[in-house]
Amino acid sequence: MRNFEYCTPTRLIFGKGVVEKLPSVLAPIGKKVLFTYGGGSIKKNGLYEKVIKLLDGFEVFELSGIEPNPKYSTSVLDGVRICKENDIDVILAVGGGSVVDCSKAIAAGAKYDGEPWDLITHKVPTEAALPVVDIITMAATGSEYDPGGVISRPETNDKVGYIDKHLYPVASFVDPTYTFSVPKLQMAAGVADAMNHVMEQYFNSDPHDFADGMMEASLKSLIKNVKIALENPEDYNARAEIFLNCTLDCNNILSIGEAPSGWPMHGMEHALSAYYDITHGIGLAILAPRWMKHILSEKTAPRIAKYGINVFGVDKNLSVTDAAEKAIEETFSFFESIGIPMYLKDVGIDETRLAEMAHHVAENEGLDNPYVYVPLTENDILEIFKASL
Ligand code: NZQ
Ligand code: ZN
């Protein structure tokens with residue numbers, strides 16, 4: 001097991017009705033609040049009205065219309081401007097991962113005099129950020145409990161993971177009832193995202209039993225509970241299990257003491273979302289089985305087989321290679337069974353720009369680094385994209 005330091009400074013407030021504590025959590029942080037949200041889901045499900053009532057007594061500014069795959073030139077820069085012009089004390093992000101991610105980038109940009117893109121791309125170090133509190137309404141990214149945000153800049157086909165310790169939310173309210181209104185395909189995509197977060201960590205070169213057990217349990221819980229929630233969207237326990245998994249899955253606690261993996265599926269998916277603005281979890285679900293197939297070798301087969309046996313109940317009497325192949329088939333079939341379109345063509349991506357995207361990934365994502373579980377060249381990436389068509 002490797003040496004590690006672990007610290008998540010976020011106050012996690014989980015459960016039905018917890019949002020009532022919002023005023024007492026915000027009050028010690030500040031009076032001037034920038035309330036950020038997306039395209040209107042919180043107005044439809046009543047959360048907007050609720051938050052406005054809870055913010056009685058605070059000075060409230062609003063930034064609405066944050067897009068899925070949040071955009072730098074509109075949402076981030078608008079938010080930074082509002083914060084600077086009004087001397088905002090705290091950002092309250094209410095929505096899915098896109099709203100929380102965008103708010104994190106705004107929080108850092110508000111404390112920086114130069115171009116915020118330089119912070120997002122790690123060209124200059126982040127020295128400070130405004131505090132972010134969030135009410136997360138989508139179970140998916142884990143942005144509520146991690147120090148990352150992913151920002152898109154379609155003008156340059158960039159989708160960049162911005163990770164810095166200043167980006168941990170100060171507090172996150174996680175109420176599973178807010179996810180009752182998430183459309184089924186969006187929920188399935190969120191679960192696929194969380195499963196991929198676990199798989200990215202599971203496939204590393206220095207595993208240990210404790211971490212493996214946590215990750216296998218997380219995958220099994222997601223697989224079981226997404227089926228229940230698809231059947232009955234208002235099943236609180238299923239929604240709560242899904243949400244807790246999603247919250248913890250991207251925070252690196254599950255792979256504590258293990259080797260880094262390089263997160264290859266995410267590296268490749270960033271290009272799909274950047275070039276075609278597709279839903280992140282869907283892109284990941286399409287890539288995952290093709291990536292596994294591509295990296296299947298004598299060296300990786302035992303680990304893929306272990307995943308298949310412990311997560312999907314693949315027959316442990318099969319040969320290692322057969323068990324690994326079965327694990328890949330099960331992964332594909334599971335994503336398909338929860339309604340995810342499993343071919344790039346289904347989401348409007350054809351062969352035209354595959355080579356350009358593979359080049360972009362190879363240039364920007366560092367997937368050929370030796371620490372990546374199985375390093376990928378530009379040609380490997382292109383092959384995986386082609387196999388996903
Ligand atoms: O914009 P509104 O109207 O709020 O609607 C959203 C949006 O259309 C809707 N939605 C959210 N909560 C809802 C709801 N609809 C009904 N009821 C609710 N309770 O769902 C749509 C998608 O929302 P979005 O925030 O984009 O989804 P998600 O949470 O999956 O976030 C995706 C973004 O997060 C990034 C992705 O790349 C993508 O840009 N990621 C962030 C990570 C992180 N911070 O650590 C890690 C992930 O790997 C991921 O890359
Ligand atoms: Zn993800």
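Author: Let's start with a term: a residue is buried under 20% relative accessible area, exposed over 50% and partly exposed in between, using a 1.4 Å probe on protein chains only. Strands (E, at least two residues) and helices (H or I, at least four) are DSSP runs, numbered from the N terminus. By that yardstick strand 5 (residues 132-136) is mostly covered, with five of its five residues buried.

Reader: Before we go on, what sort of model is this, and how is it numbered?

Author: This is a predicted model, where local features need pLDDT of at least 70, side-chain atom pairs count only at pLDDT 80 or more, and totals for chains, interfaces and linings use all residues. Residues are numbered from 1 along each chain as its sequence is written, chains are lettered from A and ligands numbered from 1 in the order in which they are written, and side-chain values use heavy atoms, with hydrogens and water left out.

Reader: Which way do the residues of strand 5 point?

Author: Val-132, Asp-134 and Ile-136 point one way, while Val-133 and Ile-135 point the other, and all are buried.

Reader: Which strands pair with strand 5?

Author: Two strands pair if DSSP finds at least two bridges between them. Strand 4 (residues 90-95) runs parallel to strand 5, joined by five bridges, and Gly-95 stands opposite Ile-136. Strand 8 (residues 171-174) also pairs with strand 5 in the parallel sense, over four bridges; there, Ala-171 is the bridge partner of Val-133.

Reader: What holds the zinc ion (ligand 2)?

Author: Donors are N, O and S atoms within 2.8 Å of the metal (3.2 Å for Na, K and Ca); water is not among the atoms, so sites may look incomplete. Here the protein donors are Asp-193 (OD), His-197 (NE2), His-266 (NE2) and His-280 (NE2), lying 2.0 to 2.2 Å from the zinc ion. Since His-197 lies in helix 7 (residues 184-202) and His-280 in helix 11 (residues 280-295), the pair ties together parts that are 83 residues apart in sequence. His-197 is buried, at 3% relative accessible area, and His-280 is buried too, at 16%.

Reader: How do you find empty space, and which helix gives the most to the lining of the largest cavity?

Author: Rolling a probe the size of a water molecule over the atoms shows where empty space is left. A cavity is a set of points, on a 1 Å grid over the protein atoms alone, where a 1.4 Å probe fits but cannot get out; lining residues have an atom within 4 Å of a point. Helix 7 gives the most to the lining of the largest cavity, with three residues.
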